[in-house]
Amino acid sequence: MNKIIKKISISVFAIIINIFSFIHLAKAQQCDENDSTILCNPLEAEDFTSLMESISQLAVEIGIPIAALFIIYSGLKLVMARGNTEKIKDAKIGLLWAIVGSGILIGAWTIMIILESTVESL
């Protein structure tokens, strides 16, 4: 049974690698209002890297205000704890995770920018 699961997982991994190896070949065409024979690109992105850039930019634009709200909420919980050690502990944990989430979001954006500039320079 263990060998069957291992073979299936290796096969699935190989198929996924093959699919992702051809992603750079896929390019959508921009719409020409006169030509109805092509499939129009509904996105503004013309290739995979610009698509990933727009998705990550959207994630940052949505995530940063949400992270700021969680940091404010954790600070409010800390003030409202009024010396209760259990509530202070919960507020500190919430603040820690809000800051960690913000760091991950900004770190992912930074890594995406670095990888994009590296790929474009090649």
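A helix, as the word is used here, is a DSSP run of at least four residues marked H or I, and helices are numbered from the N terminus. With that term in place, the loop between α2 and α3 can be located, and R82 is found in it. The model described here is a predicted one.

The overall plan may be considered before the details. The secondary structure of the protein consists of 3 helices and 0 strands, and along the sequence these elements follow the pattern α-α-α. The protein has 122 residues, of which 11% count as buried. About 10,200 Å² of the protein is exposed, and carbon and sulfur atoms supply 70% of that area. Among contacts between residues at least 6 apart in sequence, 43% join residues at least 24 apart.

Helix α2 covers residues 48-80, which makes 33 residues. At 1.5 Å a residue it should span 48 Å, and because its end C-alpha atoms are 47 Å apart, the model agrees with that expectation. Within α2, a kink of about 25 degrees lies at G63, shortly before the proline P65. The residue G63 is also one of the buried residues of α2, together with S56, A67 and S74. What do the buried residues of α2 pack against? They pack against α3, the helix of residues 85-121.

Another part of α2 concerns the surface. I62 lies in this helix. With a relative accessible area of 47%, I62 is partly exposed, because that class lies between the limit of 20% for buried residues and the limit of 50% for exposed ones. I62 belongs to a nonpolar patch on the surface, which it forms with L58, I66, F70 and Y73. Together, the residues of this patch have about 510 Å² of accessible area. M52 is also placed in helix α2, and its relative accessible area of 34% makes it partly exposed.

After α2 comes R82. Is R82 buried or exposed? At 73% relative accessibility, R82 counts as exposed. The backbone of R82 deserves attention as well. Most residues other than glycine have a negative phi. The phi of R82, by contrast, is near 55 degrees, a positive value in a residue other than glycine.

Beyond the loop, the chain continues in α3. This helix has 37 residues and reaches 53 Å from its first C-alpha to its last, close to the 54 Å expected at 1.5 Å a residue. The buried residues of α3 are A91, A98, S102, L105, M112 and E116. These buried residues pack against α2, just as the buried residues of α2 pack against α3.

S102 offers a view of this packing at the level of single residues. Its place is in helix α3. Why does S102 count as buried? Its relative accessibility is 12%, and S102 is therefore buried, since the limit for that class is under 20%. Leaving aside its neighbours within four places in sequence, S102 is in contact with A67 and I71. A67 is itself among the buried residues of α2. A further comparison involves I66, a member of the nonpolar surface patch. S102 and I66 are 36 residues apart in sequence, and their C-alpha atoms are 9.2 Å apart in space.

Two other pairs of residues show how sequence separation and spatial separation may be read side by side. The C-alpha atoms of M52 and E116 are separated by 9.4 Å, although these residues are 64 residues apart along the chain. In this pair, M52 is placed in α2, while E116 is one of the buried residues of α3. The second pair consists of L115 and T49, which are 66 residues apart along the chain and have C-alpha atoms separated by 9.6 Å. L115 is placed in helix α3, and at 51% relative accessibility it counts as exposed.

Definitions and conventions
Residues are numbered from 1 along each chain as its sequence is written. This is a predicted model: local features need pLDDT of at least 70, side-chain atom pairs count only at pLDDT 80 or more; totals for chains, interfaces and linings use all residues. Side-chain values use heavy atoms; hydrogens and water are left out. Helices (H or I, at least four residues) and strands (E, at least two) are DSSP runs, numbered from the N terminus. The expected span of a helix is 1.5 Å times one less than its number of residues. The bend at a residue is the angle between axes fitted to the seven residues ending there and the seven starting there. Buried means under 20% relative accessible area, exposed over 50%, partly exposed in between (1.4 Å probe, protein chains only). Contact means heavy atoms within 4.5 Å. Patches are made of residues with over 30% relative accessible area and no salt bridge: like charges are joined within 9 Å, nonpolar side chains (Val, Leu, Ile, Met, Phe, Trp, Tyr) within 5 Å. Accessible areas come from the Shrake-Rupley method with a 1.4 Å probe; for residues, only the protein chains shown count as cover. A salt bridge is a side-chain nitrogen of Lys or Arg within 4 Å of a carboxyl oxygen of Asp or Glu.
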